[in-house]
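Welcome to a short set of exercises with worked solutions. Have your viewer ready, try each task yourself, and then read through the steps.

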Amino acid sequence: MSGKRVNVLVYAGGGATLESVRHATWSLRRLLGPNHAVLTVTGDQILKEPWAASCTLLVMPGGADLGYCRTLNGEGNRRIKQYVQMGGSYLGLCAGGYYGCSRCDFEVGKKGMEVVGDRELGFFPGTCRGLAFPGFVYHSEAGTRAAELKVNREALATGNSIAPESFRAYYNGGGVFVDAEKLKARGVEVLASYTDELAVESGDAKAAVIYCKIGEGAAILTGPHPEFSGTNLSPNEPSGHHDYPSVVSALVADEKKRIEFMKACLIKLGLEVSQETEAVPSLSRLHLSSSKPSDITELLHSWHENGVLAKGDDGQEVIKGENDTFIVEQQGRWNMSGVKDSLPKPTADDIDVKTQADGQSADSLLDYNLTPKRLVTYEEGTPESKETPYFNHDAFFANLKHYNTKHTESDHAFGKVILYGEVVTSTNTLLDKNPTWLSHLPTGLTATATTQVAGRGRGTNVWVSPPGSLMFSTVLRHSLSLSTSAPVVFVQYIAALAIVAGIHSYDRGGYARLPVKLKWPNDIYALDPTAAESENKYVKIGGILVNSSYAGGDYTLVCGVGLNVTNAAPTTSLSLLAKKLGLPPFTLEKLLASILTQFEELYTRFCRTGFDKRFLDSYYASWLHTDQIVTLEAEGGARARIQGITGDWGMLVAEELGWEDRATGRQFQLQSDSNSFDFFKGLLKRKM
């Protein structure tokens with residue numbers, strides 16, 4: 001069995017500037033989606049969390065390399081270096097480029113600016129010297145230029161990538177990699193060179209971008225910022241530059257070449273780039289409907305009565321949540337006035353905004369959380385297909401009714417009210433991060449989406465959620481009185497069982513034979529249909545995230561699920577599994593209905609019986625770990641055999657193994673919130 005690294009981590013800890021982090025994530029999400037998840041990582045996470053196993057690229061953006069040193073020197077750099085040497089990739093942009101060299105020489109002899117010294121990573125076994133061009137001022141565009149780069153197309157001739165002969169890149173304070181052309185024997189290649197005369201000694205190549213082979217991995221280091229798009233720079237912003245509009249104009253003119261160069265660099269590092277470079281889609285309207293439309297009328301009435309929904313200064317009805325603001329519109333009465341005014345005002349980082357009727361510009365760097373969401377309510381009927389072309393509400397409610405006829409012990413509340421958006425931030429965030437609104441939502445309300453632009457996972461994990469994924473979050477209320485007989489920690493296991501049952505009972509004809517399994521505590525795996533049967537290779541196709549809060553004698557839970565259904569990237573999908581068995585592909589509406597009815601049925605039984613032997617037997621029948629031998633990092637590297645989970649708190653039980661893997665009689669009980677299971681390495685890691 002083997003895992004697939006999908007995470008691209010952009011460092012956002014000490015030393016990194018917000019502007020550089022935002023430009024890097026903006027660019028990489030367009031170049032790498034949906035094959036990779038691009039997310040930020042803090043210095044503390046680099047130091048303490050097991051990020052390397054799922055990381056395919058670590059990005060150090062622009063900023064100040066001394067801040068990187070203060071945060072990461074010692075253990076942090078040791079982890080980064082080991083990660084690259086063992087097959088990982090590193091992309092150092094401007095300050096991140098300086099940081100990846102053996103030595104940094106910045107503004108030597110200039111009082112108040114000089115930064116000189118050795119660096120621990122040493123991916124480039126030489127010096128990065130700056131300023132390549134004069135005029136740099138911290139937190140200013142005064143030293144900005146569109147630096148022309150001559151590209152070494154031969155060094156970037158990888159796969160189908162076609163690098164440009166030259167292009168102009170954003171430059172502001174970067175360095176040059178001294179004598180890089182002389183270090184080819186040590187695994188260094190010059191990928192691009194400055195064409196203009198430089199302000200410092202540099203060597204013949206005037207190396208602006210270099211590639212360094214490091215053990216089993218590699219690093220690309222840059223002096224300029226090829227990740228900065230001219231389309232995100234405002235020529236009219238106060239900059240301190242004598243002719244900033246000309247700089248921006250030049251960068252915009254070379255945008256296509258910039259993209260080609262970035263793609264070629266990423267391919268050289270072994271990443272799978274998008275065939276099309278489309279903008280991250282703008283947020284869409286949210287649609288609130290029910291199989292019983294009068295429920296929506298009652299819900300709106302209760303929001304008014306409790307002060308959750310009120311008229312704003314402009315006469316629009318507004319829900320002001322702790323994280324999001326929702327502008328409420330009635331079915332068929334969409335208010336197009338004030339759309340532009342509802343957008344947050346751009347800052348120096350949030351520029352060149354083009355307003356759209358459905359939300360914010362797809363091409364801006366705006367914070368999605370600041371953008372008001374437009375919520376359309378349906379007191380008569382459900383959304384028509386032209387309003388929600390990627391989700392058929394009639395089909396969903398019809399399937400929900402059909403499956404509910406088979407489940408007579410539940411209240412048929414799960415999925416009765418649906419909140420759908422074609423493009424949302426995160427279904428979990430919309431509910432969980434607005435607790436006042438959440439407290440007035442009905443049990444069983446389910447939020448679902450076609451595309452998430454900021455999906456959430458456990459810890460630093462993000463599940464890639466392009467179209468074709470089934471993404472939903474369901475509201476539950478779990479009584480405190482059940483804490484002993486039905487502990488809330490088991491809800492994630494109930495959800496996992498519901499997903500497997502929902503898949504297997506999707507329809508007649510063989511869906512029960514689909515090889516879908518559970519990884520403790522909350523991941524969904526499937527047998528890879530593209531691998532040879534002898535490999536028995538399982539890959540992750542989904543995950544579960546349960547967030548809880550407590551108030552008024554109940555736990556309020558938001559149970560979020562992400563599942564690859566029709567999208568093959570980044571691993572595989574349920575429809576590919578079905579195709580291999582000769583079965584028709586899944587539809588998202590029908591599968592969601594199937595899972596929700598199973599979830600409600602199982603949860604109702606769980607509240608009555610607890611996680612009893614019947615549940616345990618079902619869980620073991622579906623999980624991957626029976627008799628698996630693992631190494632326990634938290635127990636000094638002890639070897640142990642997985643026995644099961646405890647029936648009281650759902651902890652993983654492992655029995656210690658001694659000589660010749662004989663049981664010693666010692667048992668360990670491991671909590672899911674303090675241990676991370678690296679299934680492919682058979683390693684239980686301590687979470688920090």
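## Exercise 1: Strands at the start of the chain

Strand 2 (residues 37–41) is mostly covered, with four of its five residues buried. Keep in mind throughout that this is a predicted model.

**Task.** Find how strand 1 (residues 7–11) and strand 2 pair, and over how many bridges.

**Solution.** Step one: select both strands and compare their directions; they pair in the parallel sense. Step two: count the bridges, which come to five. Step three: pick a facing pair as a check, and you will see L9 opposite L39 in strand 2.

**Task.** Locate T56 and decide whether this residue is buried or exposed.

**Solution.** Start with the element: T56 sits in strand 3 (residues 55–60). Next, take the relative accessibility, which is 13% for T56. The cut-off for buried is under 20%, so T56 counts as buried at its 13%. Finally, look at what surrounds the residue: leaving out residues up to four places away in sequence, T56 touches R5, V6, N7, V8, H36, Y83, S89 and L271.

## Exercise 2: The chain as a whole, and its cores

**Task.** Describe the chain by its elements, its burial and its contacts.

**Solution.** Count the elements to begin with: the chain has 16 helices and 31 strands. Then turn to burial, where 56% of the 688 residues count as buried. For the contacts, take those with a separation of 6 or more; residues 24 or more positions apart account for 69% of them.

**Task.** Which residues of the largest nonpolar core touch the most other members?

**Solution.** A general idea helps here: in soluble globular proteins, nonpolar side chains tend to be buried together. The largest nonpolar core holds 86 residues, and L58, Y90, F124, Y194 and I210 touch the most other members. Zoom in on I210: not counting residues up to four places away in sequence, I210 touches F124, F177, A180, V188, E189, V190, L191, A219, I220 and L221. Apart from this core lies another, of 69 residues, among them I418, A496, A578 and F586.

## Exercise 3: Two hairpins

**Task.** Follow strand 26 (residues 629–632), strand 27 (residues 638–645) and strand 28 (residues 652–657), and find the glycine with a positive phi in each hairpin.

**Solution.** Take the hairpin of strand 26 and strand 27 to begin with. These strands pair in the antiparallel sense over four bridges, and V630 stands opposite A640 in strand 27. Five residues lie between the two strands, and in this hairpin G636 takes a positive phi near 70 degrees.

Now move on to strand 27 and strand 28, which pair in the antiparallel sense over five bridges. I642 stands opposite A654 in strand 28. This hairpin has six residues between its strands, and G650 in the turn has a positive phi of about 70 degrees.

## Exercise 4: Backbone angles worth a check

**Task.** Where do the cis peptide bonds from G130 to L131 and from W520 to P521 lie?

**Solution.** For the bond from G130 to L131, omega is near 10 degrees, and L131 is in the loop between strand 7 (124–130) and strand 8 (145–151). For the bond from W520 to P521, omega is near 0 degrees; P521 belongs to the loop between strand 22 (516–519) and strand 23 (523–527).

**Task.** Place E107 and D627, and give their phi angles.

**Solution.** E107 is not a glycine, yet its phi is positive, at about 50 degrees. E107 lies in the loop between strand 5 (101–106) and strand 6 (115–118), and its relative accessibility of 12% makes it count as buried. D627, also not a glycine, has a positive phi of about 60 degrees, and is found in the loop between helix 16 (613–622) and strand 26.

## Exercise 5: Empty space inside

**Task.** How many cavities of 30 Å³ or more are there, and what lines the largest cavity?

**Solution.** The count comes to four cavities of 30 Å³ or more. The largest cavity has about 60 Å³ of space. Its lining consists of Y390, F391, Y420, T448, A449, T450, S469, L470, M471 and L588. Sort them by element: strand 20 (446–452) and strand 21 (469–479) are the ones that give two or more residues to this lining. Sort them by type as a last step, and the lining divides into seven nonpolar, three polar and no charged residues.

How values were computed: Residues numbered from 1 in each chain as written. Predicted model: local features only at pLDDT ≥ 70, side-chain atom pairs only at ≥ 80, totals over all residues. Heavy atoms only, no water. Core = buried A, V, L, I, M, F, W, Y, C linked by side-chain atoms within 4.5 Å. Buried < 20%, exposed > 50% of the residue type's maximum accessible area, 1.4 Å probe, protein only. Contact = heavy atoms within 4.5 Å. Pairing = 2+ DSSP bridges. 1 Å grid on protein atoms, 1.4 Å probe; cavity = no way out; pocket = protein on both sides within 12 Å on 5 of 7 lines; lining within 4 Å. Points joined across faces, edges and corners; volume = space filled by probe spheres on them. Nonpolar A, V, L, I, M, F, W, Y, C, P; charged D, E, K, R; others polar.
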